[in-house]
Amino acid sequence: MFDFANQAYTLLIITVIYGDLFTTVIVGDMGDDYRLANLLWSSALAISYLAVVASAPVCGAVMDYAAAKKRFLFISYVTTVAATAALYLVEPGYIIIGFVLIAISNYAYSMGEAFIAGFLPDIADSREMGRVSGMGWSLGYIGGLCATLFTVLVLGEVSEENFERIRWVGPFAAAFFLLCAIPTFLWLRERGSPRPLPAGQGYVGLGFSRVRQTLSSLGQLSEMAVFMVSLLLAMSGLVIVISYAFIYGSQVIGWDDHVRMIMFITTQISAALGAIVFGLIQDNVGAKRTYMFTLLIWIVAIIFIWGTPGITAWLNNLLGVDWQAQYVFLVAGCCAGLALGSCQSAGRTLVGIFAPDGRAAEFFGFWGLATKLAGAFGLIAVGAFQALFGLQGAILICAVLFAAAFLVGLRVDEKRGREQRHTLVE
């Protein structure tokens, strides 16, 4: 249910609505083909991800020791809701306020994403983590579909003329998250037991010391370490796609509003199906193989996204038709959607499988570190490249990142990783 609830934020604010609203209306075109607006959007998200990098592992270590995962999750949830609701106050030209609220809300959302993942080993053993994780991602896309369909149908298009209605997207996303996550806090149980602090040490100091201990012990967890490198590269590409997919459709493809809606629906459905199907496959063929296959899908999808205008022209010439690029782009969206949830689900499952007993939240803190460090790197890179070469050329960096993730992932031995998790148990 938390996955169901928080997708209202990531889809409405980061992917579908507010990213487009921020770049095209709140900042607007400065005569530079939206390059400054895109750079500011990337920078706000990158700053939030760097803040996660600095704090997630320490928070995870404290949560494990104090059995406080649910309390930390609640703080991140309330902060996300408050900052997202406040986006209503941002009007065209209020760039600094919008920038700050996006950074705060995305930081809190991202921390909550790591906190909720820390519960995975408590509610599923290694034989069913793939199914449970995949179901969570799938429910997330269903929740996002419900929230976004309501927003588009009721609040309308992203435009300066429709600003007084579409500005309610922030409060609506906040209310959806607030209400739909209530079952999590009513029924999810904290299964750990708090331990007394060592004499003369506070929780923050303890958190840092446990992170240092874990880092010094990574030689015993080599498969986890190698996988984190692959995950960092993959998530760099994935965060770019999530943050720029609908901006790309608007600025490069030039799609109509009805095609934008079709793209959203087809992407969500394919992502939900991909998460469920690949989640079931994970438990049978292994999470690593599933993860690697999704990376190959991503490489194909990115090349398709980049080449959509050229592919459309080639098809029109070959078949003697007059197809529009925005409709061909839908095929690329389905391909990306299929890999979207399944790639993240398989990554979350592998971390759960490799994490030592009693330290799940800490290692999911490192998972949050890797994914958000990746996000910061990817967004800074694409922001710089699109400022130089335009958004269409810059999107190719995603294919390079997914290919690098695949090459590193080839070195991960899932069986050895399962064995190594017993070497660092409290």
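**Cavities, a pocket and two helix pairs**

Author: In this predicted model, the lining of the second largest cavity comprises two nonpolar, three polar and three charged residues.

Reader: Which residues line the second largest cavity, and why is G140 placed with the polar ones?

Author: The lining is made by D3, N6, Q7, Y109, E113, W137, G140 and R348. Because Gly is counted among the polar residues, G140 belongs with N6 and Q7 in the polar class, whereas Tyr and Trp count as nonpolar and Asp, Glu and Arg as charged. That sorting gives the division into two nonpolar, three polar and three charged residues.

Reader: What is the volume of the second largest cavity, and which helix gives the largest share of its lining?

Author: The volume of the second largest cavity is about 50 Å³, and α1 gives the largest share of its lining, with three residues. At least two residues each come from α1, α5 and α7.

Reader: What makes this space count as a cavity at a search limit of 30 Å³, and how many such cavities are there?

Author: A space is called a cavity because a 1.4 Å probe fits there but cannot get out. The search of the whole structure, which takes cavities of 30 Å³ or more, finds two, and the second largest, at about 50 Å³, is one of them.

Reader: What is the volume of the largest cavity, and which residues lie nearest its centre?

Author: The largest cavity holds about 540 Å³ of space and is lined by 42 residues, with T15, L238, V241, I242 and L340 nearest its centre. Its lining has 27 nonpolar, twelve polar and three charged residues, and the helix that gives the most to this lining is α12, with ten residues.

Reader: What makes the space lined by M1, D3, I123, V132 and G136, among others, a pocket and not a cavity?

Author: The name pocket applies because the set of points is open, with protein on both sides within 12 Å along at least five of seven lines, whereas a cavity is a space the probe cannot leave. The largest pocket has a volume of about 490 Å³ and a lining of 20 residues, among which M1, D3, I123, V132 and G136 are nearest the centre. Six of the lining residues come from α7, which gives the most, and the lining as a whole has 14 nonpolar, three polar and three charged residues.

Reader: Why are α4 and α5 called roughly antiparallel?

Author: Helices α4 (residues 69-85) and α5 (residues 95-117) pack at about 155°, with axes 8 Å apart. Because angles over 145 degrees count as roughly antiparallel, α4 is described in that way relative to α5. The crossing of α4 past α5 is left-handed, and the contact has nine nonpolar, six polar and no charged residues.

Reader: Why is the term roughly antiparallel also used for α3 and α12?

Author: The angle between α3 (residues 35-66) and α12 (residues 222-253) is about 165°, and their axes lie 12 Å apart. This angle is over the limit of 145 degrees, and the two helices are therefore roughly antiparallel to each other. Their crossing is right-handed, and the contact brings N38, L39, W41, S42, L45 and Y49 of α3 against V239, S243, Y244, I247 and Q251 of α12. By class, these residues are seven nonpolar, four polar and no charged.

Conventions: Residues numbered from 1 in each chain as written. Predicted model: local features only at pLDDT ≥ 70, side-chain atom pairs only at ≥ 80, totals over all residues. Heavy atoms only, no water. Axes fitted to C-alpha atoms, helices over the stretch in contact; angles between N-to-C directions. Helix = DSSP H or I, 4+ residues; strand = E, 2+ residues; numbered from the N terminus. Parallel < 35°, antiparallel > 145°, perpendicular 65-115°, else oblique. Left-handed = near helix turned anticlockwise from the far one by under 90°. 1 Å grid on protein atoms, 1.4 Å probe; cavity = no way out; pocket = protein on both sides within 12 Å on 5 of 7 lines; lining within 4 Å. Points joined across faces, edges and corners; volume = space filled by probe spheres on them. Contact = heavy atoms within 4.5 Å.
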